[in-house]
Amino acid sequence: MTNYYDSDDGASAGDAGRPDTEHGMNRRQLLRHAGWFGGAVVLTVAGGEVISHIADSRDTNAAAAAGDGAAGSGALRFVQVSDSHIGFRGPANLDVVGSFTEAINQVNSLGFRPDFVMHSGDLTHLSTAGQFDQVKQLMTAMKTDRIFTVPGEHDSIGDAGRAYRRTFGMGTLGDGWYSFDTHGVHFIALVNTLSLEKLGHLGNEQIDFVRRDIAGLSSDTPIVVFSHIPLFAMYPQWGWSTDDALKVIALLRRFSSVTCLNGHVHQLFTKTDGNITFHSATTTAYPLPKPGRGPAPTPQVVPARQLKSALGIRSVGYRQGDRELAIKDQRLA
């Protein structure tokens, strides 16, 4: 069963009746579920099923778990930032260092110290040594205990990710994948940006790693999976999917709650499929078109005063023993 989280439809009447995309969503649905920004999505795990909705005043516990007021509660709170593209030069954003710095300042102004920050890929634009050094230096300003990363395809240009792993790959396995546990949650960080044809790709070695990694976990362990390219078929025509992700998804089906967080698409998008909820993050650099809106996913130029509305950060909260996992996306402003 596939559910979506909102009911407010911003699509034009002219979109009705257009043919379905190949992953079962028509254009109207795509617009409806990619169009919101700045709200909080509350995920409630009930009876083994994840139920999502836009947060309102009734969701005080979830909102607290996502950030405000949770200090000292023992809740897990972390932040996802994505697609900073340090080194990008173009009219879509004339100062990607400046906007990434603003994102870092926003992380530091959340009102709590995140347990960790995850950068979900495309830290750099061209994988140069100077760009890796610059983004690493910038990230030292984040007020958090730990920083994790996964690579994007822009972080492995021309060297199969070797420069990325020299900078960020210490302690990882294979091409940079790893897992860790904290606050009763098991986290898995995957690499699906190497061996690219058109779609993302995990490969048998990494899939075997996931199989071994989760073999000893009980089925009620909350699972969070990070990757750069979506593990669901968001828009395969533009490469916004992973060709062998279903093998990992099948391994995760026995768990009561699985949350997959990705970057790459530079916009918010949520899909729930049974026990698994997928959340695409926005960017700190520049927007991309909505799926199918344009010939290719190229950087979009928007009026300067509107750029920050397309950029942002994400905070995630989870209280051990509770049934709620809260995700809050905030504009860069």
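**Exercise 1. Find which elements cover the buried residues of helix H4 in this predicted model.**

Solution. The cover over the buried residues of H4 includes helix H3, strand E5 (116–119), strand E6 (147–149) and helix H5 (162–168). The next step is to name what is being covered: in H4, which spans residues 129–139, the buried residues are Gln131, Phe132, Val135, Leu138 and Met139. Around the axis these residues take up an arc of only 130°, which puts them on the same side of H4. A general rule helps in reading this pattern: an α-helix has 3.6 residues a turn, so residues three or four places apart point the same way.

**Exercise 2. Decide whether Ile104 is buried or exposed, and list what it touches.**

Solution. Begin with its place in the chain, which is helix H3, residues 96–108. The relative accessible area of Ile104 is 2%, and buried means under 20%, so Ile104 is buried. Leaving aside residues up to four places away in sequence, Ile104 touches Leu138, Met139, Ala141 and Met142, and of these names Leu138 and Met139 also appear among the buried residues of H4. A last step looks along the chain: Thr284 is 180 residues apart from Ile104, yet their C-alpha atoms are separated by 9.7 Å.

**Exercise 3. Describe the largest nonpolar core and the elements that contribute to it.**

Solution. This core has 37 residues, and within it Val225 and Leu252 touch the most other members. Two or more residues each come from helix H6 (204–214), strand E9 (223–227), helix H7 (245–252), strand E10 (258–262) and strand E12 (276–280), with H7 giving the largest share, 5 residues. To see the surroundings of one member, take Val225, which, apart from residues up to four places away in sequence, touches Ile188, Leu190, Leu231, Leu252, Val258, Thr259, Cys260 and Leu261. There is also a second, separate core of 23 residues, which includes Phe112, Ala163, Phe168 and Leu311. In soluble globular proteins, nonpolar side chains tend to be buried together.

**Exercise 4. Work out which residues of H7 are buried and which residues on its other side are exposed.**

Solution. The buried residues in H7 are Ala245, Val248, Ile249, Leu251 and Leu252. Viewed down the helix axis, they fall within an arc of 160°, so they line one face of H7. On the other side of H7, Leu246 and Ala250 are exposed. The buried residues are covered by elements that include H6, E9, E10 and E12.

**Exercise 5. Characterise the packing of H6 and H7.**

Solution. Two packed helices are described by the angle between their axes and the distance between the axes. For H6 and H7 the angle is about 5°, and the axes are 10 Å apart. Angles under 35 degrees count as roughly parallel, and H6 and H7 are therefore roughly parallel to each other. At the contact, Asn204, Ile207, Val210, Arg211 and Ile214 in H6 meet Lys247, Val248, Leu251 and Leu252 in H7. Sorted by kind, the residues of this contact comprise 6 nonpolar, 1 polar and 2 charged.

**Exercise 6. Locate Ser241 and decide whether it is buried or exposed.**

Solution. Ser241 belongs to the loop between E9 and H7. With a relative accessible area of 7%, Ser241 is buried. Not counting residues up to four places away in sequence, Ser241 touches Leu199, Gly200, Ile229, Pro230, Phe232, Ala233 and Pro236.

Key. Residues are numbered from 1 along each chain as its sequence is written. This is a predicted model: local features need pLDDT of at least 70, side-chain atom pairs count only at pLDDT 80 or more; totals for chains, interfaces and linings use all residues. Side-chain values use heavy atoms; hydrogens and water are left out. A nonpolar core is a set of buried Ala, Val, Leu, Ile, Met, Phe, Trp, Tyr and Cys residues joined through side-chain atoms within 4.5 Å. Buried means under 20% relative accessible area, exposed over 50%, partly exposed in between (1.4 Å probe, protein chains only). Helices (H or I, at least four residues) and strands (E, at least two) are DSSP runs, numbered from the N terminus. Contact means heavy atoms within 4.5 Å. The arc is that of the directions from the helix axis to the C-beta atoms. Axes are lines fitted to C-alpha atoms, for helices over the stretch in contact, and angles run from 0 to 180 degrees between N-to-C directions. Angles under 35 degrees count as roughly parallel, over 145 as roughly antiparallel, 65 to 115 as roughly perpendicular and the rest as oblique. Ala, Val, Leu, Ile, Met, Phe, Trp, Tyr, Cys and Pro count as nonpolar, Asp, Glu, Lys and Arg as charged, and the others, Gly among them, as polar.
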